[in-house]
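Welcome, and please take a moment to look over the chain and its fold. A short tour of its core, its charged pairs and one of its helices follows.

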Amino acid sequence: MDFSVVLQQFLNGLSIGSVYAIFALGYTLVFSILGIINFAHGAVFTLGAYFTYALCGGAFGFNGLLANLALPKALHLPFFIAIFVGSSLTGLVSIVIERIAFRPLRDRYSDPLLTLVSSLGVAVVIVNTIQYLVGAESYSFPSNIYGNLPTAINFGSVDKPIAIRTVQIVIFAVSILILSILTYGLNFTKLGKAMKAVAEDRVTSSLLGINTDSFILLTFFSSGFLGGLAGTLVGSSVSIAGPYFGIGFGLKGLAVIVLGGLGNVPGAVVGGFVLGIAESFVPADQSAYKDAVAFALLFAVLIFRPQGLLGKTFVQKV
């Protein structure tokens, strides 16, 4: 394979892998605190794209309760402000999900399987609510959301050019910024260290004076923010492919956190990039098998390293 083709595919893989990493971090944060998988995260991913689309001035289609609706021009926001506001709204939605679907079960010390079923129910409700309100059409962000930036940047030789879409650069830059902020916050701030303490042992943390309930809410807000951000980045790159377009990414996010190591933040990042790069090298005429490649890679890792790429082996004492 030609080097320019390899480099092109590698750069494409970094772009989609960075989205996988952001999305999987939302799963990872909740799992590290509560030891549960929030299956509503894929629906939150979808909500983030819709929120930002509306805040950017996008109009909805001819179906649904909100048919032909668009926000007044006075409420239209520049894309980079809209993505922050939209992601913050999904963070608030995640807090509501925690209060409704998780806390009642947690207070009753219910089996973790029940929280899994509860989150699945919430995901179905959110997806169907989206479809009821705005229909099942696809929506595309305006072509000028990035201002006067060029559509793509070309480099390499004349006969073997390498093109990077501007949206790919933006996705990668935003991803690195978010990952850097999250890494710094978790490792070098009192808030992050308290969150890690809650993740380690909620009972002991509570006895030491840490308000564990507040940190659970903060975790769900952060998880929802990251999910909404990932949804918007994907939506701006391709389109919002209807209410169910977050479901596939939800499955990919699960694959990423298992691949990197359950509850491991650096593992989620590494797993996202590995999965994105692996998918990018699937030939275009075989693109229908991208999911098969991703999960085949996951199965291989589980066979040879069940704890994931960066996960720790736990020793059970008897």
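Which residues of the largest nonpolar core touch the most other members? They are Leu25, Ile97, Leu233 and Ile240, in a core of 79 residues. A nonpolar core here is a set of buried Ala, Val, Leu, Ile, Met, Phe, Trp, Tyr and Cys residues joined through side-chain atoms within 4.5 Å. Helix α1 (residues 3-34) gives this core its largest share, 12 residues.

Before going further, a word on the model: it is predicted, so local features need pLDDT of at least 70 and side-chain atom pairs count only at pLDDT 80 or more, while totals for chains, interfaces and linings use all residues. Residues are numbered from 1 along each chain as its sequence is written, and side-chain values use heavy atoms, with hydrogens and water left out.

**The chain as a whole**

The chain has 11 helices and two strands, in the order α-α-α-α-β-β-α-α-α-α-α-α-α along the sequence. These elements are DSSP runs numbered from the N terminus: H or I with at least four residues for helices, E with at least two for strands. For 318 residues, a compact globule would have a radius of gyration near 20 Å, and the chain agrees with its 20 Å. That radius is taken over C-alpha atoms, and the globule rule is 2.2 Å times the number of residues to the power 0.38. Along the principal axes, the C-alpha atoms fill a box of roughly 65 × 50 × 35 Å. Of the 318 residues, 46% count as buried; buried means under 20% relative accessible area, exposed over 50%, and partly exposed in between (1.4 Å probe, protein chains only).

Contact means heavy atoms within 4.5 Å. Among contacts with a separation of 6 or more, 74% come from residues 24 or more positions apart. Back in the core, isoleucine 97 is in contact with Ala40, Val44, Phe102, Val122 and Ile126, leaving aside neighbours within four places in sequence.

**Charged pairs**

Side chains of opposite charge can pair when their charged atoms come close. With a salt bridge defined as a side-chain nitrogen of Lys or Arg within 4 Å of a carboxyl oxygen of Asp or Glu, the count comes to six. Among them are these:

| Pair | Closest N to O |
|---|---|
| Glu98 and Arg106 | 2.7 Å |
| Arg106 and Asp213 | 3.7 Å |
| Lys252 and Glu279 | 2.7 Å |

Arginine 106 lies in helix α3 (residues 79-107) and aspartate 213 in helix α8 (residues 212-237), so this pair ties together parts 107 residues apart in sequence. Glutamate 98 is buried at 0% relative accessible area, arginine 106 is buried at 17%, and aspartate 213 is partly exposed at 22%.

Lysine 252 in helix α9 and glutamate 279 in helix α10 tie together parts that are 27 residues apart in sequence. Both partners are buried: lysine 252 at 9% and glutamate 279 at 5%. Elsewhere, shared partners join Glu98, Arg99, Arg106 and Asp213 into one network of salt bridges.

**Helix α11**

What are the buried residues of α11? They are Ala294, Leu298 and Val301. These cover an arc of only 65° around the axis (from the directions to the C-beta atoms), which puts them on the same side of α11. They pack against α9 (245-260) and α10 (265-280), whereas Phe299, Ile303 and Phe304 are exposed on the other side.
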